[in-house]
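I opened my notebook to record what I looked up in this structure. My entries follow in the order I made them.

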Amino acid sequence: MTRPPFPPTRPVARDVSRRAFLAALAAGTATIGLAGCTVISGGAVAADQQGIRLSKDPASGREHVVEMYNIWGGTLGNAWVMLAELYERSQSHTGVRVTYAPLSGNTQIRLQTAIAAGTPPDLAFCTPEEYPQFAGYGVVTRLDGYMAKAGLGEADYAPAVWKQMTATDGIWAHPILVDVNFPLFWNKKVFAAAGLDPETPPKTIDELDRFSDAILTKDGRRVTRIGTIPWDYYGFSNSMFTMGFAFGGKFMSDDNQVATPDDDNIVQALQWMCDYAKKVGGASQLAVTAPSQTLPTIASGNVGMAPMTTTDSSNVYKQGDKAKVELGAALFPYAEGLGQPGGATWLGGYDLFIPKESKEHDAAWDFLQFATVSDKGTESNYEYGTLLPGYTKSPVLEEFRKDPNVAIYREGLLAARNIRPTIPVASTYATALDVAVSSAIYGKTTPERALQSVASQVNSALDEFRKEHP
């Protein structure tokens, strides 16, 4: 089969050189960072968090030493240190240096600088949406050969995880933690107060609408209790992905070559979001949380339903006021006739990749494999960070199944078929959606025009990338 010209998500295994990466970095087009796309957070290190470590020196006397850049703070950052020490205890040939290299804003400045200088670490993080760009720049190591030797293939991963890993013509990164976006949590106390069955969540968008109507409470024009806030699911772009998938929309063409945010179903989803905002009196009229609240909005006792990440739901379960909130969890609703049960669920998260100019490719893969698919490695990530692996043969999935607080994430992982666009200009896509969806929600443009604008911006950016990196 003939490959299409300038395939945007099929980078070949070539070295475009540090000079090309430096040029891209100077032009601001190399974006090794969150790019507004992730919804996972590790938190900052508080003064009273004794024992938290974000860096470590390698074990002494080892033939090989690999360095991993750790972008995380708090308990999640500490989890990588614990994992590295567990790996060192499992063998005698390789030590692991964990270097704390936090984000600056949404950008991995230290990593970018190290790659450009030709002195990268042996392992680093990226989102599944970012690796096509890095592969296009020629700064990552292809993993297909390592995967084949390890006997790893499609049958070992959840369907949407494998879809993420193979969106290009090669495997360039491996999932280390999977973000299931999003289970819907509902507050049973709010349901009961609104006269709804506290044990019955909405299964469809129509039910979500009806439940929201029952929950809505106002003080004059101000909304003091609301069913859900569909434009505030971890930002406008993540909200649009969730609702777009719920309505059966496709954000990319089947061959992953053309961005399709103006898909009719996605337009309908944004129209529903805009209509919902108008129905409650406008997105600016919400007064449901106190300024001092640090937990997710559902913990206020004034929000009936909200999606949450594992970190946020865990915090609400542990720290939420039991007099205000009692959580239930289910897969996110779908639009009947357009979407399908479980269809709103999509995957994000983080991968590990091996920079091309690192010095210890084989040793780095050995640690990467231990971290992502071994029983001990995935169990460590679960114990210290409640991290969900994409590798479905891990015994950790059984631990998720048995824990009622996180079982829904396992269900979502196995049910998901959708992923966020995995293309070299994923950050452009997310940013364009943030601006356009916000404009539509606040009545500055129509849903159709907003999403047409996104399509134009993203496809222009794709064309430009193809010309620069044929």
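**Entry 1: strand β5.** I started with the side chains of β5. Pro 183, Phe 185 and Asn 187 point one way, while Leu 184 and Trp 186 point the other way. All of these residues are buried. I checked this against the general rule. Side chains in a regular strand alternate between the two faces of the sheet. I also noted that the model is a predicted one. The strand covers residues 183-187, and five of its five residues are buried.

**Entry 2: the partners of β5.** Which strands pair with β5, and in what order do they lie in the sheet? I found an open sheet of three strands in the order β8-β5-β9, with antiparallel pairing. β8 and β9 stand at the edges with a single partner strand each, so one side of each has no neighbour in the sheet. On average, neighbouring strands here are turned by 30 degrees against each other, direction ignored.

Then I looked up the bridges. Five of them join β5 to β9, which spans residues 327-331. Leu 184 has Ala 330 as its bridge partner in β9. Trp 186 has Gly 328 as its bridge partner in β9. On the other side of the pairing list, three bridges join β5 to β8, residues 305-307. The bridge partner of Phe 185 in β8 is Ala 306.

I also looked for a helix on this sheet. Helix α15, residues 407-415, lies across β5 and β9. It runs at about 10 degrees to β9.

**Entry 3: just before β5.** I stepped back along the chain to the loop between β4 and β5, where Phe 182 lies. A cis peptide bond joins Asn 181 and Phe 182, with omega about -10 degrees. I wrote down the general rule beside it. Most peptide bonds are trans, and most residues other than glycine have a negative phi.

**Entry 4: positive phi.** The second half of that rule sent me to the phi angles. Asn 256 is not a glycine, yet its phi is positive, about 65 degrees. Asn 256 lies in the loop between α9 and α10. Is Asn 256 buried or exposed? Its relative accessible area is 15%, and the cut-off for buried is under 20%, so Asn 256 counts as buried.

Thr 386 is another residue other than glycine with a positive phi, near 50 degrees. It sits in the loop between α13 and α14. Thr 386 has 28% relative accessibility, so it counts as partly exposed.

**Entry 5: helix α13.** Thr 386 follows α13, so I turned to that helix next. α13 runs over residues 375-385. Its buried residues are Gly 377, Thr 378, Ser 380, Asn 381, Tyr 382 and Gly 385. What do the buried residues of α13 pack against? They pack against α2, β4, α12 and α14.

I picked out Ser 380, which lies in α13. Its relative accessible area is 4%, so Ser 380 is buried. Leaving out residues up to four places away in sequence, Ser 380 touches Met 82, Leu 83, Leu 86 and Gly 385. Leu 86 is 294 residues from Ser 380 in sequence. In space, the two are 8.0 Å apart, C-alpha to C-alpha.

**Entry 6: α10 against α16.** I looked up one helix pair. The axes of α10 (residues 264-279) and α16 (residues 426-441) come within 9 Å and cross at roughly 45 degrees. The two helices are therefore oblique to each other. α10 brings Leu 270, Met 273, Cys 274 and Ala 277 to the contact. α16 brings Val 437, Ala 440 and Ile 441. I sorted these contact residues by type: seven are nonpolar, none is polar and none is charged. I added the general rule on helix spacing. An α-helix has 3.6 residues a turn, so residues three or four places apart point the same way.

**Entry 7: the whole protein.** I finished with the totals. The protein has 17 helices and 11 strands. Of its 470 residues, 57% are buried. I then looked at contacts between residues at least 6 apart in sequence, and 78% of them join residues at least 24 apart. The protein exposes about 18,700 Å², and carbon and sulfur atoms supply 49% of that.

Terms used
Residues are numbered from 1 along each chain as its sequence is written. This is a predicted model: local features need pLDDT of at least 70, side-chain atom pairs count only at pLDDT 80 or more; totals for chains, interfaces and linings use all residues. Side-chain values use heavy atoms; hydrogens and water are left out. Buried means under 20% relative accessible area, exposed over 50%, partly exposed in between (1.4 Å probe, protein chains only). Helices (H or I, at least four residues) and strands (E, at least two) are DSSP runs, numbered from the N terminus. Two strands pair if DSSP finds at least two bridges between them. Axes are lines fitted to C-alpha atoms, for helices over the stretch in contact, and angles run from 0 to 180 degrees between N-to-C directions. Angles under 35 degrees count as roughly parallel, over 145 as roughly antiparallel, 65 to 115 as roughly perpendicular and the rest as oblique. Contact means heavy atoms within 4.5 Å. Ala, Val, Leu, Ile, Met, Phe, Trp, Tyr, Cys and Pro count as nonpolar, Asp, Glu, Lys and Arg as charged, and the others, Gly among them, as polar. Accessible areas come from the Shrake-Rupley method with a 1.4 Å probe; for residues, only the protein chains shown count as cover.
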